[in-house]
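Please open the structure in a viewer and keep the selection tool at hand. The stops below proceed from one chain to the other and end where the two chains meet.

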Amino acid sequence: MKHIALVTLIAATAIALPLFIGENPYIIGILISVLMMAALSSAWNILGGYAGQYSFGHAAYFGAGAYTTLIMLTLFNTLNPVICILVGIVVASLIALMTGSIVFRLRGHYFGLASIAVAEIVRLSVLNFECTGGAQGILLTDISLWGLDLNSKNPFYYGMLLVLAVTLAITAYLRRSKTGYYLQAIREDQDAAASLGINLSFYKNKALLISAALTSVLGSLYGLYIRFIDTSAVLDLRLSIEIILTAIIGGVGTLWGPVVGAILLVPLAEILRSNLLGEALVKAGLVSETSGIGIFLKENLAHAHVLVYGIITVLCILYLPKGILGLYRRKQ
Amino acid sequence: MSFLQPLLSGILTGGVYALAGIGMSLVFGVMNISNFAHGDLMMLGMYMAYFAFTLLHIDPYLSLVLIIPTAFFFGFMLEKLFINRVIHHPHQNQILLTIGLGLIMSNTALLAFTSDPKILTTTYSSSAFNLPGDISISLPLLLSFLITCVIISILYLFLAKTSTGMALRATSQNREAAQLMGINVAKMSAIAFGIGTALAATAGALIAPTYYIHPLAGHSFLLKAFTICVLGGLGSVVGAGVGGIIIGVVEAMSSTYLSTDWKDVIVFVLFLAVLLLRLEGLFGKKGGR
């Protein structure tokens, strides 16, 4: 009962949040990023956390959704974006089936390497084809959906929230279902699972398909929201790593871990990227704006968020390999 | 254009790739770890050569005398401080740790050296000499290849003849058995990682005169080094050497006969084909399926 009350409270807060913030586009923008990363990481978690298959190539499915949607809308600009999102799912699922048929035969080091290789082939192909805009990317000028004001950020806030809720609901259902138990058995010991008659390839592919479809929907939403995509934004290896890192910091293989990870990591990256930290240090009188250190911070702190990601990754693997929720669970 | 031209430049470039691949393969063999920071270690080698040239006015090839011991020490300490703590962890944790270390290195370089690409121009950077049949060979590429051959020979003698080399090979073959025979496997891991780092930095320094030097330059070499290792069989030093040459030739051939844009795609397709058809690689010991 306590659990249900808590979930209801979180959901109600999330739904009501934009009303309190009003129309501050900056804060809403950060919240959308938090929701998106939480959903991406949760979708990855179905495959990586529960089935134990650490995919290092999830950017491919995100990019598949984003590119499919934007290419279709550039070709037929009166099309309903929902149709594009559905086609995006089909494209991502096809890539997932192809990936699955290759990578699931491999284990350990080989699995991780192969998943990177497949994602890199997708990225380089998109970069080299003409219809995808190549290195210039795709810019979308105008979209319409059921008369919604898509220049406001609120529809995207609720869109991301909806996908996150669906992803969490699927995860919560899966982990107590037959499929979920099979996946966890595969994670713990593949050979033992196979010897009990679990069809390894079928269940791994099932987890990958669910995960890839959800990731592709998020890619489509991102494309519609930003309206400009290129390979470095939606297909880069860095995105795949950020997705995994978010899950690791929160707790891999836990329902809420990815959400916790995103709540911590995304605002942190934003603070560093927008130089809020540098400004705060100047305001607090710790650093003078015109001094060497002040200028250095102003010019360079914006790049530093990836450095901080690196430091957090190292510390997390060494001291907190089960993530924040893993720590909480151990104390219980 | 003659068929021999891409073949020859492919072999020469492949020699340097082989050096990077051998470093990674040695680390994998001895420690059973895929080192995702390998490309960034190469990038550090490129910058070391660059600064040795601009600040100390040392020729990039001569600066190897400084770079190799520095990089060995750096790798040795990296292993002692970080890598050995995850040696018994699941693969994904090892991968993420080395990715994290790589991110720290590349982004520290980005802060320290800015994102402007640097170019190391020596007096002989663009000199080349012609062979009969319209084939031209770039001098820096040839020098790099010759130095690579010398280093690989020294490494081979070290692994084959010295007692440390033998202990390294024993650890690579069977860690537990090596430990039972009284080999200090923790020390061997640190030495292997030091040698791997030194080889990566050397490869970086050797390509510095012919490439743009950039903090994120390691990324593309990382995936190439993996392809080379898998092609030759993860853990096999000889295999990585041959793998490097093969990748160099495949790249040069596909640039010449297909297009430069698709050469990386072809390398990755080759990589997947090897994983599917012959997981143990060309010279690997046993499969990891």
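The tour that follows is a series of selections, each with a note on what is found there.

**Chain A as a whole**

The model is predicted, and a suitable start is to colour chain A by confidence. The mean pLDDT of chain A is 82, and 87% of the residues score at least 70. Select helix α9 (residues 200-226) of chain A, where confidence in the chain is highest, at a mean of 90. Then select helix α14 (residues 292-300) of chain A, where confidence is lowest, at a mean of 67. Where pLDDT is low, the predicted coordinates should not be read in detail.

Switch next to a cartoon of chain A, which shows 16 helices and two strands. Of the 332 residues in chain A, 46% are buried. Among the contacts in chain A with a separation of 6 or more, 76% join residues that are 24 or more positions apart.

**Two covered helices of chain A**

Select residues 59-75 of chain A, which form helix α3. This helix has 17 residues, and the distance from its first C-alpha to its last is 24 Å, close to the 24 Å expected at 1.5 Å a residue. Of the 17 residues of α3(A), 14 are buried, and the helix is thus mostly covered.

Move on to residues 237-250 of chain A, helix α11. Its 14 residues reach 20 Å from first C-alpha to last, close to the 20 Å expected at 1.5 Å a residue. How many of the residues of α11(A) are buried? The count is 12 of the 14, so α11(A) is largely enclosed by the rest of the structure. The buried residues include Leu239(A), Ile243(A), Leu245(A) and Ile248(A), and also Glu242(A), Ser240(A) and Thr246(A). Step just past the end of α11(A) to Gly251(A), which takes a positive phi of about 140°.

**A residue of helix α6 in chain A**

Select Ile170(A), which lies in helix α6 (residues 154-175) of chain A. Ile170(A) counts as partly exposed because it has 18 C-beta neighbours inside 10 Å, whereas a buried residue needs 20 or more. Add Ile121(A) to the selection and draw the distance between the two C-alpha atoms: these residues are 49 apart along the chain, and the separation is 30 Å.

**Helix α1 of chain B and the loop after it**

Turn to chain B and select residues 4-31, helix α1. The expected span of its 28 residues at 1.5 Å a residue is 40 Å, and the end C-alpha atoms lie 39 Å apart, which agrees. Centre the view on Gly15(B), where α1(B) bends by about 25°. The helix is mostly covered, with 23 of its 28 residues buried.

Just after α1(B) comes Asn32(B), in the loop between α1 and α2 (38-54) of chain B. Its phi is near 55°, a positive value in a residue other than glycine. Is Asn32(B) buried, partly exposed or exposed? With 19 C-beta neighbours inside 10 Å, Asn32(B) counts as partly exposed.

Continue to His57(B), in the loop between α2 and α3 (64-81) of chain B. Phi of His57(B) is also positive, near 55°, in a residue other than glycine. Because His57(B) has 7 other C-beta atoms within 10 Å, it is exposed.

**The hairpin of chain B**

Select residues 128-131 and 135-138 of chain B, strands β1 and β2, which pair in the antiparallel sense over four bridges. Which residues of β2(B) face Ala128(B) and Leu131(B) as bridge partners? Ala128(B) is bridged to Ser138(B), and Leu131(B) to Ile135(B). Three residues lie between the strands of this hairpin, in which Gly133(B) takes a positive phi near 85°.

**Where the chains meet**

For the last stop, display both chains and select the contact between them, which takes 37 residues from chain B and 34 residues from chain A. On the side of chain B that touches chain A, α4 (91-113), α9 (218-232) and α11 (263-277) of chain B each supply at least two residues. The largest share comes from α4(B), with 15 residues. Colour this side of chain B by residue type: 24 residues are nonpolar, nine are polar and four are charged.

Conventions: Residues numbered from 1 in each chain as written. Chains lettered and ligands numbered in written order. Predicted model: local features only at pLDDT ≥ 70, side-chain atom pairs only at ≥ 80, totals over all residues. Contact = placed C-beta atoms within 7 Å. Nonpolar A, V, L, I, M, F, W, Y, C, P; charged D, E, K, R; others polar. pLDDT = per-residue confidence, 0-100. Expected span 1.5 Å × (residues − 1). Bend = angle between axes of the 7 residues up to and from the residue. Pairing = 2+ DSSP bridges.
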